[in-house]
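Welcome to this short briefing on a protein chain. Take a moment to look over the sequence and the 3D view, then follow the topics below.

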Amino acid sequence: MRRRTRVLLAASLLLASAGCGLTSGSPMVDDVEPGSIGKGRPLEGADLTVTSKEFTEQLVLGAIMGIAFQAAGAEVLDRTGIQGSVGTRAAVENGDADATYEYTGTAWITYLGNSRPIPDPQQQWAAVKAADAKKGLTWLPPAPMNNTYALAMNQANFKKYRTKTLSEVAALSKSDPGAVTLCVEGEFANRADGLPGLEKAYGMDIPARNVTQMDTGIIYTQAAKGACTYGEVFTTDGRIKSMNLVVMEDDRAFFPNYNAAPMVRTATLKEWPAIASVLDPVTKALTNDVARTLNAKVDVDGEDPHQVALDWMVEKGFVKEN
């Protein structure tokens with residue numbers, strides 16, 4: 001497999017190249033050129049810093065963004081892998097980074113302090129965009145991928161019960177109460193946007209004896225084994241694909257929308273408006289299925305997140321390798 005060569009520079013050199021006060025990071029040095037994006041290299045001369053949170057999906061998304069910028073001519077500083085959502089957000093807001101892929105629901109609830117999500121994904125994005133415009137942040141159009149909560153079951157239970165939606169799960173809980181057993185995280189079991197709210201929204205009443213609380217990673221394996229009929233999952237998790245789980249549709253749109261979208265420092269976007277046109281086709285191609293596939297390559301197959309991102313960008317024709 002092809003491997004990138006990462007060049008590590010001293011902090012003083014990073015500061016000079018980034019121009020944004022960072023004390024760590026490394027240049028992205030992918031040898032890429034425009035494919036279907038970045039033609040004419042409209043970001044030639046730009047020094048852009050890309051950031052992300054530390055979990056797999058964010059590392060892949062940060063790499064995708066940085067590779068796109070490089071193909072369009074920019075010099076890119078890699079500041080991906082920051083611990084915690086707040087640190088990543090602050091890096092862009094304070095000018096320590098220029099852009100990241102962020103989630104609409106996280107911004108609306110965690111950063112902007114709203115307690116009720118907006119059910120329509122486009123309206124949720126528009127509300128976040130309007131609110132963050134006052135904070136010097138611009139949200140570009142969102143991806144179809146939505147990293148939110150869901151319930152999932154294995155193939156054997158799917159063949160047995162044939163539920164495809166949460167409304168059908170609710171109906172099953174009434175017709176055959178013992179059939180609906182759940183494996184969930186402790187937080188999900190008690191949060192208003194978790195199990196209590198889900199039961200209220202769908203008219204369920206799951207007995208406590210049918211609910212087992214456990215760590216996130218165990219939930220996937222237990223659902224795959226059939227130890228519980230339904231497991232709490234995240235909709236873009238690679239284990240859904242690798243374990244061949246069936247995800248229930250949230251047909252009443254209860255769970256918040258967590259669509260990924262580029263969040264760019266407004267001042268940067270004004271200086272380099274081509275950022276929007278470079279990222280737009282890439283963002284549109286990021287679906288739940290794509291996210292599951294890319295996440296699985298890292299979490300299940302053990303591949304490097306940056307290499308997974310690069311391979312996908314080349315495969316899609318967005319960029320070409322020299």
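A residue counts as buried when its relative accessible area is under 20%. Keep that cut-off in mind as you explore this predicted model. We will visit some aromatic rings, two charges over rings, a disulfide and two nonpolar cores.

**Aromatic pairs**

- Across the whole structure, a search turns up seven aromatic pairs.
- One of them joins Tyr149 and Phe255 in a tilted arrangement, with 5.7 Å from centre to centre and 50° between the planes.
- Tyr149 belongs to strand E7 (residues 149-153), while Phe255 sits in the loop between strand E11 (246-247) and strand E12 (260-265), so this pair ties together parts that are 106 residues apart in sequence.
- Phe255 has a relative accessibility of 5%, so this residue counts as buried.
- Tyr149 counts as buried too, because its relative accessibility is 10%.
- Phe255 also pairs with Phe188: that pair is tilted, at 6.1 Å centre to centre and with 40° between the planes.
- Here again distant parts of the chain are linked, since Phe188 is in helix H8 (residues 186-190) and Phe255 is in the loop between E11 and E12, 67 residues apart.
- Both Phe188 and Phe255 are buried.
- If you step back, you can find a cluster in which ring pairs link Tyr149, Phe188, Phe234, Phe254 and Phe255.

**Charges over rings**

- Look for Arg162, whose charged end sits over the ring of Phe158 at 4.6 Å from the ring's centre.
- Arg239 lies over the face of Tyr220, and the distance to that ring centre is 4.0 Å.

**The disulfide**

- How many disulfides does a search of the whole structure find? The search finds one.
- The partners are Cys183 and Cys228, and their sulfur atoms are 2.1 Å apart.
- The link of Cys183 and Cys228 is left-handed, with -125° about the S-S bond.
- Cys183 lies in strand E8 (residues 182-184) and Cys228 in the loop between helix H10 (216-225) and strand E10 (230-234), so the disulfide ties together parts that are 45 residues apart in sequence.
- Are these cysteines buried or exposed? Cys183 counts as buried at 3% relative accessibility, and Cys228 is buried with a relative accessible area of 2%.

**Around Asn157**

- Asn157 is found in helix H6 (residues 155-161).
- With a relative accessible area of 13%, Asn157 is buried.
- Setting aside neighbours within four places in sequence, Asn157 is in contact with Arg162, Gly226, Cys228 and Thr229.

**Nonpolar cores**

- The largest nonpolar core has 48 residues, and those with the most contacts inside it are Leu43, Ile64, Phe69, Ile275, Leu286, Trp312 and Met313.
- Among the elements that give two or more residues to this core are strand E3 (47-53), helix H2 (56-71), strand E5 (99-103) and helix H15 (305-315).
- H2 gives the most to this core, with nine residues.
- To see one core residue in its setting, pick Leu286: leaving aside neighbours within four places in sequence, Leu286 is in contact with Leu61, Ile64, Tyr101, Ala143, Pro144, Met145 and Trp312.
- A second, separate core has 25 residues, including Tyr149, Leu166, Phe188 and Leu195.
- You have already met two of those names, because Tyr149 and Phe188 are also in the cluster linked by ring pairs.

Terms used:
Residues numbered from 1 in each chain as written. Predicted model: local features only at pLDDT ≥ 70, side-chain atom pairs only at ≥ 80, totals over all residues. Heavy atoms only, no water. Phe/Tyr/Trp six-rings, centres within 6.5 Å; stacked < 30°, edge-to-face > 60°. Helix = DSSP H or I, 4+ residues; strand = E, 2+ residues; numbered from the N terminus. Buried < 20%, exposed > 50% of the residue type's maximum accessible area, 1.4 Å probe, protein only. Lys NZ or Arg CZ within 6 Å of the ring centre and 35° of its normal. Disulfide = S-S within 2.5 Å. Contact = heavy atoms within 4.5 Å. Core = buried A, V, L, I, M, F, W, Y, C linked by side-chain atoms within 4.5 Å.
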